[in-house]
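Open the model in your viewer and keep the selection tool ready. The tour goes sheet by sheet, then to the helices.

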Amino acid sequence: MKFAWKVTLAALVILLLSTGVGSYLLITLSFRSTLEREVDVAQEEMQMLRITYEAVCSARGITLENLEGHSGSFSRTLSENAYFADHQFRVSTQDGVEVYSTLSSAGDPELLESIDEHASGYIIRYNGKTGRYLVHSAGPMTLPDGVLYLETVRDITSLFSDREIHYQVYRWIVLLVVGVSSAVMFAFSYWLTTPIRSLGRVATQLSQGDYTPRARVTGRDEISELAASFNHMADAIEKNVQELEDAARRQEDFTASFVHELKTPLTSIIGYADMLRSRDLGEDKQFKAASYIFSEGKRLENLSLALMSLLVVGHATADVRSVNMQRLCLEAERISLPAIRGKGLSLVVQAEEGSLQGDPALLQMLLQNLLDNARKASEPGGLLVLEGRRTGSGYCLTVSDQGRGIPEAELSKITEAFYMVDKSRSRAEGGAGLGLALCKEIAALHQGSLHFESQLDLGTKVTVELGGIALA
């Protein structure tokens, strides 16, 4: 069952219970109050007739003994009296013998048995033949030598008829209220559940792989808060899915690049080895073939070492100690300077005193890779600068060059494994596209990150913010 129908039915049940029970109780209480009032009136009429009858009997000196002798004249007196003529009543003895009556119905023995000479009573009867409701009241009348009983009848059929009319009207009103309320409540419930249906549609689209739709957030109620939370969840899901897709893409690219990097040198090695094995070559050609095999083998060795370093950094436990960063920069200068000068480049090192909790071997590897990339990107006569300075949270390293620069569109990709901006030139210089990926892992291990600034034909600046490895 739809939630809107549930809300509508629940509201209708509450409405029917509250209005139905309330209206029924109101009609019933009103009927009982009116009925009690009618009974009181009947009782008062009976009492007034009883008192008047006793007074007439006393004035005429009527007793039980002489009642029969005065019955004719007494009956005429009663019938001619306007007060008695307006009422229906019956006078009978204690044995039930009728003395005088203007009633068309017989006496009520059950009522007479329920009273005595000291108490009066009443009973409500329904006459099935006439369809009338009557209040039979009875009370004792004391004469000097005994007791007579007076019975009166009051018609209260209109009271019961009014109650039935009220019930009928009540039923029609309930039907009308149910009809109108059902339409209004369903429309209101449908409007209230619109955000929920919107959430359902968005959830369906998300389950089908479309992560762009979002639920509409209106107002500040609980449903709006739910929609906002749902949108936050959808954002997180979309981000996670995008990251998974990017990771899968990088994995595929990594595998494809790795296969390609292996295939090229292996093809050369196999080709030249087959040439040496199957042909008689001159000494010069043999040396040339052996040189190709050696250079391609070294290329494979460099690739395997770079891959090994990348895997080790990602999974191995770091050798954490206090590292003198100024000394580390000077050591990097010493190691890199021969290759830099060999290409006709200059290197300037400006490092402040400072220490960092880290792995000195990995940090040295990071600097060597950055300096090596700067060397490969620079032309003879260029200048490389290595700077180091303390920061509030650690140490900052900067390597800048005056080389070719990197296109802006490539900056977000250069830390991916096997990614090379200029593949032919990188391979010619022995690069495999793993240096910056390795630097990124080392920086992350030291709670740091890499930032790149580059302009084509003006150079590149790499900034490494390091926070150090927290000691356990």
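What is the strand order in the open sheet of five strands with antiparallel pairing? The order is 2-1-5-4-3. Strands here are DSSP runs of E with at least two residues, helices are runs of H or I with at least four, and both are numbered from the N terminus. Two strands pair if DSSP finds at least two bridges between them.

Before going on, some ground rules. This is a predicted model, in which local features need pLDDT of at least 70 and side-chain atom pairs count only at pLDDT 80 or more, while totals for chains, interfaces and linings use all residues. Residues are numbered from 1 along each chain as its sequence is written, and side-chain values use heavy atoms, with hydrogens and water left out.

**Stop 1: the antiparallel sheet**

Select strand 2 (98-101) and strand 3 (121-127). They stand at the edges with a single partner strand each, so one side of each has no neighbour in the sheet. Neighbouring strands are turned by 20° against each other on average, direction ignored. Axes are lines fitted to C-alpha atoms, for helices over the stretch in contact; angles run from 0 to 180 degrees between N-to-C directions.

Next, select residues 89-93 and 146-155. These are strand 1 and strand 5, an antiparallel pair with five bridges. Thr-93 sits opposite Leu-148 in strand 5.

**Stop 2: helix 5**

Select residues 157-192. The 36 residues of helix 5 should span 52 Å at 1.5 Å a residue, and the end C-alpha atoms are 51 Å apart, which agrees. The expected span is 1.5 Å times one less than the number of residues. Buried residues of helix 5 include Phe-160, Tyr-167, Tyr-170 and Met-185. Buried means under 20% relative accessible area, exposed over 50%, and partly exposed in between, with a 1.4 Å probe and protein chains only.

**Stop 3: the mixed sheet**

Move to the open sheet of five strands with order 7-9-10-12-11 and mixed pairing. Strand 7 and strand 11 are its edge strands, pairing on one side only. The average turn between neighbouring strands is 10°, direction ignored.

Show strand 10 and strand 12 together. They run antiparallel, joined by six bridges. Thr-398 has Thr-463 of strand 12 as its bridge partner. Now add helix 9. It lies across strands 7, 9, 10 and 12, at about 180° to strand 7.

**Stop 4: the largest core**

Which residues have the most contacts inside the largest nonpolar core? Select Met-325, Leu-366, Leu-370, Leu-397, Val-464 and Leu-466, in a core of 37 residues. Such a core is a set of buried Ala, Val, Leu, Ile, Met, Phe, Trp, Tyr and Cys residues joined through side-chain atoms within 4.5 Å. Helix 10 gives the largest share, seven residues.

Centre on Val-464. Among the residues it touches are Leu-366, Leu-370, Leu-397 and Ala-443, leaving out those up to four places away in sequence. Contact means heavy atoms within 4.5 Å.

**Stop 5: helix 10 and helix 12**

Show both helices. Their axes come within 9 Å and cross at roughly 145°. Residues making the contact include Leu-366 and Leu-370 of helix 10 and Cys-439 and Ile-442 of helix 12.

Finally, pick Ala-437 in helix 12. Ala-437 counts as buried because its relative accessibility is 7%. Ala-437 lies 9.8 Å from Lys-413, C-alpha to C-alpha, with their positions 24 residues apart in sequence numbering.
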